[in-house]
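This is a short walk through a structure for a reader who has not seen it before. Have the sequence and the model at hand while reading.

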Amino acid sequence: IGSSNPDNAVARIYGEGIRQVNWIIYNRWGEKVFQTQDKNAFWDGTYKGVLVQPGVYSYSIEMIFEDGQGLSQGNEYRKGTITVIR
């Protein structure tokens, strides 16, 4: 997440031909701060309506494309991190 105006920064999934998604973001204690199955949704850096603290947040994402394939052969999941800077 990054922007010249951090209050308006968002994390979003970009891609074409996405049929299904399950995206979860966790704080450093493993608590879910965001989850969606809406491929057009975005995370605005809030949890329960309050801006989260700066830091590293982990995510897992599962996607199925229109052709029925996952992100890579036999692996529909990806994991990574998002860094929130204020």
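The lining of the largest pocket is made up of 9 nonpolar residues, 3 polar residues and 1 charged residue. The model shown is predicted, and the pocket is a convenient place to start.

The largest pocket has a volume of about 220 Å³. Its lining consists of 13 residues, and those that lie nearest the centre are Asn27, Trp29, Val52, Gln53 and Tyr57. Two or more lining residues are given by each of two elements, strand S6 (50-51) and strand S7 (55-65). The largest share comes from S7, with 3 residues.

Strand S7 leads on to the sheet. Strands of a sheet pair through backbone hydrogen bonds, and the pairing can be parallel or antiparallel. Here 4 strands form an open sheet, with antiparallel pairing, in the order S3-S2-S7-S8. S7, which gives residues to the pocket lining, thus stands between S2 and S8 in that order.

What stands at the edges of the sheet? Strand S3 (32-36) and strand S8 (77-84) do, and each of them has a single partner strand, so one side of each is left without a neighbour in the sheet. From one strand to the next, the twist averages 20 degrees.

The pairing of the edge strand S3 can be followed in more detail. S3 and strand S2 (residues 18-26) run antiparallel and are joined by 4 bridges. For Ile25, the bridge partner in S3 is Phe34.

Key: Residues numbered from 1 in each chain as written. Predicted model: local features only at pLDDT ≥ 70, side-chain atom pairs only at ≥ 80, totals over all residues. Heavy atoms only, no water. 1 Å grid on protein atoms, 1.4 Å probe; cavity = no way out; pocket = protein on both sides within 12 Å on 5 of 7 lines; lining within 4 Å. Points joined across faces, edges and corners; volume = space filled by probe spheres on them. Nonpolar A, V, L, I, M, F, W, Y, C, P; charged D, E, K, R; others polar. Pairing = 2+ DSSP bridges. Axes fitted to C-alpha atoms, helices over the stretch in contact; angles between N-to-C directions.
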